Amino acid sequence: MIAAFQGIDGAFSQLVVAQFLRDRGLDASTLGMPTYREVATAVSAERASAGVIPIENAIVGTVREGYDLVAEFELAPVAEVLCRTDHRLLGVHGASLEDVREVLAHPLTIAECSRFLQSLKNARAIPCEDTGVAAREVARGGNSAVAALAPPAAARIYDLDELAANCGDHPSTYSRFLIVRPKHQAAEHPIALLAHSDRRKTSIIFSLEDAPGRLARCLAEFAERGVNLSKLESKPRLGHGSDHVFYVDLDGDARNARVEEALRNVRRLSVQVTLLGSYDAHVGVPLDYARGALRQAQGDTQAIAVAASWHPQPVHVHNNEALPRVSRPARPHGSALEIGGVRIGDGEFAIIAGPCSVESREQVLLTAHAVKARGAVMLRGGAFKPRTSPYAFQGLGWEGVDLLAEAGRATGLPTVSEVMTVDQVAPMARQIDVLQIGARNMQNFDLLKAVGRSGKPVLLKRGLSATIDELLAAAEYILAEGNPNVMLCERGIRTFETATRNTLDLSAVPVLRERSHLPVLVDPSHGVGVRRWIAPLCRAAKAVGAHGILVEVHPNPPEAKSDKEQALTFDDFASIVNDLAEIPLCHGKAPKCHPDATIPQGRATSKGAEPVEVQS
Ligand code: PEP
Ligand code: MN
């Protein structure tokens, strides 16, 4: 069994998860990841059976990132662990406190030890990604002027001397961690089988409109039922005026009748509620794991090897269980993506527009301003173009990416652009808001995994000859890497028909919406390929329940360097947007699904949506 933590050997969280499992008779190898997000990704993708995420420090306060990751990756919390953070100053053999000029430490540790650090007149603190790295760097450097703040266990692992003890600002400071497991973990997995204690806690995140008494009414729901709260923390709800998001821990399990009733009422008063889950409460004083001996290197190396050889299982069509993350039962009410203030997947109908290719600064800026003024909420533009002929315009490459990003900033529109290779993913993700996987790359599995790892929103186009199941399986690759931010896009498929560029398969929309919770977009431009037929297909896309459209617009279509036959003029685009306003949304509420699709949590049963024959 593999347990993921952030950092390298000697990190506090490693000690915590290793000891937690050992105390329960479970034998696990620990797997260090560079960031907490990667811990969440590894657990969500079931590359690790358990993980540990910090959620609070007694001196510094709430670690909101921890709560947010549990929510975003829908991890199932198992238990909270309070662990005393026993900070020592560690240096190389022969070093003394007076020699120290630099102290490497995790940023949380720097905050926890601020008084001690101030007392070291000649030394400055240098933030380090984790406690283990801090200790290892000191050992590697062999410099007596450099020390690390780390637990006593790290002194043993890295053969360092202790130069000072009790470095924390308070002798009983501790950190609170959540042990988490994958939401879809098999019910017979030893972690899923751990018995619950009778002291349970529940964490929720809810958003409230900024109105007098709103928070008080929510809190009263708990107070009136004798439900004790142990945390209340707020932050602004970005992009929603002065609304706020509240992080709450409460005593009791969400299935307890009083808690359940209070939560039901809070849901009514809130704009949004996320139930992170219920877990075993820590009872008694914080544990002293910092001294704990660790099972060493060999087991960890094996764990890394196993993780590296992990691949998603082959899929079987028409089976929700084979695609547990994209299938509708994973989120019976559908999922929505929030991209730069634009919400796709519920309510509004999203219009994404822009040129097929970014051709020049003038062209993309002009188009961006024009489509924004006419109602687009997102800007598309290709910089790397997958062209059938090697002699056709191949796109401006990185210059095009820079120009699209500039146009996005100038208009405030989030941007979408296609990535064609694994190498392009990380640099593109730094500049562009949504990574498009083009039709020709829908089954480029390495590319799917790479955009999955990037965590960025992905617009996944259906392949030219791909079935609906293959499209869903391609999306599953991305979700399996821990990236839930995927939009599916029907863009026309190859059929015997030659009157249109492709055959826009609008029947895919209700099928995809029934099978999957992911937002579904339609690209009539590539679907039909002829300017004058795009408008009716945009209307049809909205009527059939798509969550939005993607269309190509150019300031001067005859001059377009790619796909000129299907480029809309600014006027064409304006009239499409006007027409669409007349058509009611048909995705305001979740579509009717197969009864099994309403299973609220856990693995979908194999009795998913009825098989539907899809012709390829
Ligand atoms: C595009 O969006 O410009 C594009 C090349 O699309 P597709 O991959 O659907 O052909
Ligand atoms: Mn195009």
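Start by selecting N166 in this predicted model. With a relative accessibility of 65%, N166 counts as exposed, because the cut-off for that word is over 50%. Zoom out a little and you will find N166 in the loop between strand 10 (161-164) and strand 11 (174-181). Check the backbone here too: the phi of N166 is near 50°, which is a positive value in a residue other than glycine.

Now jump to D563. Is D563 buried or exposed? D563 is buried, at a relative accessible area of 17%. Its phi is also positive, about 50°, although D563 is not a glycine. Look around and you will see that D563 sits in the loop between strand 25 and helix 19.

Keep D563 on screen and add the manganese ion (ligand 2). Which protein atoms serve as its donors? They are SG of C356, NE2 of H526, an OE atom of E552 and an OD atom of D563, lying 2.1 to 2.4 Å from the ion. Along the sequence, these donor residues follow the spacing C-x169-H-x25-E-x10-D. C356 lies in the loop between strand 18 (350-354) and helix 11 (361-373), while D563 lies in the loop between strand 25 (548-552) and helix 19 (570-582), so the pair ties together parts that are 207 residues apart in sequence. C356 is buried, as is D563.

Leave H526 selected and show ligand 1. An N or O atom in the side chain of H526 is 3.3 Å from an oxygen atom of ligand 1. Next, add Q436, where a side-chain N or O atom is 2.9 Å from a ligand 1 oxygen. Then pick A439: here a polar backbone atom is 2.7 Å from an oxygen of ligand 1. Taken alone, ligand 1 exposes 300 Å², and the protein buries 97% of that.

Show the whole shell of ligand 1 next. Of its 13 residues, R380, K385, A439, R440 and R491 come nearest. Colour the shell by class and you get seven charged, three polar and three nonpolar residues.

For the last stop, select helix 14 (residues 445-454). Which of its residues are buried? They are L447, L448, K449, A450, V451 and G452. To see what covers them, switch on elements including helix 13 (422-431), strand 21 (434-437), strand 22 (458-461) and helix 15 (468-480). Finish by stepping just past the end of helix 14 to G455, which takes a positive phi of about 75°.

Methods: Residues are numbered from 1 along each chain as its sequence is written. Chains are lettered from A and ligands numbered from 1 in the order in which they are written. This is a predicted model: local features need pLDDT of at least 70, side-chain atom pairs count only at pLDDT 80 or more; totals for chains, interfaces and linings use all residues. Side-chain values use heavy atoms; hydrogens and water are left out. Buried means under 20% relative accessible area, exposed over 50%, partly exposed in between (1.4 Å probe, protein chains only). Helices (H or I, at least four residues) and strands (E, at least two) are DSSP runs, numbered from the N terminus. Contact means heavy atoms within 4.5 Å. Donors are N, O and S atoms within 2.8 Å of the metal (3.2 Å for Na, K and Ca); water is not among the atoms, so sites may look incomplete. A residue is near a molecule or strand if one of its heavy atoms lies within 4 Å of it. A polar contact is a pair of N or O atoms within 3.5 Å; within protein, one must be able to donate a hydrogen and the other to accept it, and residues adjacent in sequence count only if both atoms are side-chain atoms. Accessible areas come from the Shrake-Rupley method with a 1.4 Å probe; for residues, only the protein chains shown count as cover. Ala, Val, Leu, Ile, Met, Phe, Trp, Tyr, Cys and Pro count as nonpolar, Asp, Glu, Lys and Arg as charged, and the others, Gly among them, as polar.
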